[in-house]
Amino acid sequence: MAAMTWVRGASLGALRQAAGAYATGVPRAFTAIAPAITASASATPASAVPSLLRHCSGGGGGTGGGGFAARRWFHASVAGSNSASDGDGAGDDSAAAKATGVRNFAIIAHVDHGKTTLLDTLMTMGSQTVATERLMDNNALEKERGITISSKYTSFPWRACVLNAVDTPGHADFGGEVERVLDMVDGCLLLVDATEGPMAQTKFVLGKALQKGLMPIVVMNKVDRENVTEAGCAEVESRLFDLFAAMGASDEQLDFATVYASAREGVASLDLDEAQRMCREGGGDMQPLLDVLLERVPPPPGSPDDEFSMLVSMIEHDSFVGRLVTGRVATGRMKVGDRVKAMRRATGEEVPGADPPKEREIGRVTKLFTSHGGVRVPLESAAAGDIVSVAGLNLATVTDTVASLAVLEPLAASPIDPPTLKMTFGVNDSRLGGREGKNLTGRTIWDRLIAEAETNVALRVLQVEGGSGDKFEVQGRGELHLGVLIENMRREKFELSISPPVVLYKTDPETGKKLEPLEEVVAEVDEEHVGGVIEALSLRKGELTDMVMGGGEGGKTRLCFLCPSRGLIGFRAIFINETRGTGVMHRSFHSYGDYRGSMDRMRKGAIISTATGVTTLYALGMLESRGTLFVGPKVDVYEGMIIGENSREETMEVNPTKEKKLTNMRASGNDETVRLTPPRAISLEEAIGYVQADELIEVTPTAIRLRKAELDSNKRKSTARKGGQE
Ligand SMILES: Nc1nc2c(ncn2[C@@H]2O[C@H](COP(=O)(O)OP(=O)(O)OP(=O)(O)O)[C@@H](O)[C@H]2O)c(=O)[nH]1
Ligand SMILES: [Mg+2]
């Protein structure tokens, strides 16, 4: 019998049908193809390939690690994909073995607990080749930083089902990415690092999943680590249970399944001992986890026989087909060529009949895709339950409903938490403006920001009131959220003037009191740094809420704080310094709470240039003892640019371009003999945390400079008297 392959243009329905047909007793076509692939690829020694990639050899017998050195999409064979179950398939009458159709699930967790790595391993169970670690982290910044920034979905077959998995970011700043995809799924894997246990963002994502009524499956990950013990896991499980209960989980949700896994080693088991043994001795795979998933994640609820409707959860841009709207088909079927409409979100306030929901646009489905490991694969049709990307709509956006023309009511969408922080993005009007970038005007910046806000759902972009079209307010969830956008724009050759971040206050509607965003901070530090960290956070109005000696990894003390977001801007660098780089810190939005009062400024004075020109070794040599310099010699500077930090509190204005006076006297040394300490390089992130209210960050493709907003020293002095900056 010929093996089934993912066919270009095939419908998911057809794939499912075929999957059902191949559920049992089929030849393992996969095993026949795998050795061919491994043999033809590069000869990287297996030992040089991470263990996960070696696992990918699936039916290839585990010898062909090098076979994955080249990225290669294996046209997934449903028959082959079930290699793990083939051996014991006969007589398997478990719920998992009987399951058919589609299952949609998200992988959610705190940052770095192993979501993307787990998805690599799960995909390989569906016979898909994963040639690089963390395959789904496929954009440049994700690869560089080793973190997931945006949610992405991928589809792979398992047993008689098609699984659609959504990888989500774990960093608190990208929490909006988790919220927006939970409408697409019917279950989730809650990953927890078995040594770290539940962390701040575990709580956040779990809360969102429970609110949506999902039944999380707990995956205790990284059990390959030596310090994972039975007692430790029991402790983590009990903390998780308490967390579920504290977050209002129903009895059904509290009855969660726990699977022990090592995403890196590609091993999962319902039994910790067995999982650890397989990590040590080899063998094992992800089948136990996938089977729990089939048993516990319900099939999507909608009927394929109703009219077509789909809630838009993501917007993407494809260089060939243009704009793509992605979501789960809620009801009905659709195919390429169908006429569909997009409707605005139901706010819950519409009066039925009297105020029909507005149509945003009517269009035709020009292309339809699913995704295999981030690679788009065309389809011809889709049905209720499928997660697909649709081309052909120009205006439909996240939370809109795409539906057949007969549908009148849009689907309800979950609201996304509001932004907590804002920055102003303006045209770069410094003396060096326009030299290094290509995208310089207010118009191009505005267009780019609008395009970003379309796909980046937790971001809001506004024109600055009374501005002349060259300054825009960008609101987001945190410094990193906005920092990533700035970094991307730099790479696209934009030049920008960025103001320091300011938190977004709210007013309590009942009491009229000012409220500010508060964050939960969990820090794990060695005992000798406990005092310093507590002091640094108390200065920032942080309250210590919990302290567990030896509660962190490696016997570190775990400290929990509730701290105003405004106090945490730029805190990471201070924390690293305070703990000599040994501490670990995580933050996560907690709530809006009473304004905690004003905070003292905690930065030293700036060293500001009074001249425009090129720095000299001579001038910098004279300045060096006064503080820390941010620029070296022969660097372009301008009046009002911050070139260093004073070792004292007050601001210092200097001329770093001064040349040595020429005299007839023979000097004992000359410029060339002056040796300078290398300047302190300021990264974008540091700059965001560093600048004060009357300062700006000049961002160009090649430089990050700090400057006073007002470049003229005299004007600065007169406005400084007004004070009152937050
Ligand atoms: N020892 C061990 N390390 C693991 C395991 N799974 C993941 N890691 C490592 O943990 C780190 C983070 O893995 P990722 O998969 O990027 O984690 P993530 O949850 O996707 O991270 P974000 O998307 O940034 O939140 C990487 O260095 C992985 O190699 C595991 O099972 N065992
Ligand atoms: Mg990730």
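Leaving aside neighbours within four places in sequence, with which residues is valine 407 in contact? In this predicted model, the partners are Glu307 and Ser309. Valine 407 itself sits in the loop that runs between β17 (401-404) and β18. A residue counts as buried when 20 or more other C-beta atoms lie within 10 Å of its own; valine 407 has 21 such neighbours, so this loop residue is buried. The C-alpha atom of aspartate 306 is 9.9 Å from that of valine 407, although 101 residues separate the two along the chain.

Valine 340 offers a companion case, this time in a strand, β11 (residues 339-343). Here 23 other C-beta atoms fall within 10 Å, and valine 340 is therefore buried. Beyond four places in sequence, its contacts are Met334, Gly363, Val365, Val402, Ala403 and Ser404. Among these, Val402, Ala403 and Ser404 belong to the stretch 401-404 that forms β17. Leucine 405 lies 65 residues from valine 340 in sequence, yet their C-alpha atoms are 5.8 Å apart.

It helps to set these two residues against the whole chain. The chain has 726 residues, of which 49% are buried, and its secondary structure comprises 22 helices and 35 strands. Of the contacts between residues at least 6 apart in sequence, 74% join residues at least 24 apart. As for confidence, the average pLDDT is 83, and 83% of the residues score at least 70. Residues 1-90 call for some care in reading: pLDDT stays under 50 there, and the model has 179 contacts beyond four places in sequence for this stretch.

Two helices show how buried and exposed residues are arranged. Helix α15 has 14 residues (442-455), which at 1.5 Å a residue should span 20 Å; the C-alpha atoms at its ends are 21 Å apart, in agreement with that expectation. Ile445, Arg448 and Leu449 are the buried residues of α15. They cover an arc of only 100° around the axis, and so lie on the same side of the helix. An α-helix has 3.6 residues a turn, so residues three or four places apart point the same way. The face of α15 turned away from the buried side carries Arg443, Asp447 and Ile450, which are exposed. On the buried side, the packing partners are β18 (421-426), β19 (460-463), β20 (471-476), α16 (479-491) and β21 (496-498).

Helix α17 (residues 527-539) can be read in a similar way, with His529, Val533, Ala536 and Leu537 buried. Viewed down the helix axis, these residues fall within an arc of 90°, so they line one face of α17. Exposed residues Glu527, Gly531 and Glu535 are found on the face turned away from that buried side. The cover over the buried residues of α17 includes β24 (514-525), β26 (557-564) and α19 (571-578). Just after the helix, lysine 541 takes a positive phi of about 65°.

Finally, there is the ligand to consider. Ligand 1 has 21 residues around it, and those that come nearest are Gly114, Thr117, Ile147, Thr148 and Gly170. Helix α7 (residues 115-125) gives the most to this shell, contributing three residues. By residue type, the shell around ligand 1 holds nine polar, seven charged and five nonpolar residues.

Notes
Residues are numbered from 1 along each chain as its sequence is written. Chains are lettered from A and ligands numbered from 1 in the order in which they are written. This is a predicted model: local features need pLDDT of at least 70, side-chain atom pairs count only at pLDDT 80 or more; totals for chains, interfaces and linings use all residues. Helices (H or I, at least four residues) and strands (E, at least two) are DSSP runs, numbered from the N terminus. The expected span of a helix is 1.5 Å times one less than its number of residues. A residue is buried if 20 or more other C-beta atoms lie within 10 Å of its own, exposed if 12 or fewer, and partly exposed in between; C-beta atoms are placed from the backbone. The arc is that of the directions from the helix axis to the C-beta atoms. Two residues are in contact if their C-beta atoms, placed from the backbone, lie within 7 Å. A residue is near a molecule or strand if its C-beta atom, placed from the backbone, lies within 6 Å of it. Ala, Val, Leu, Ile, Met, Phe, Trp, Tyr, Cys and Pro count as nonpolar, Asp, Glu, Lys and Arg as charged, and the others, Gly among them, as polar. pLDDT is the predictor's confidence in each residue, from 0 to 100.
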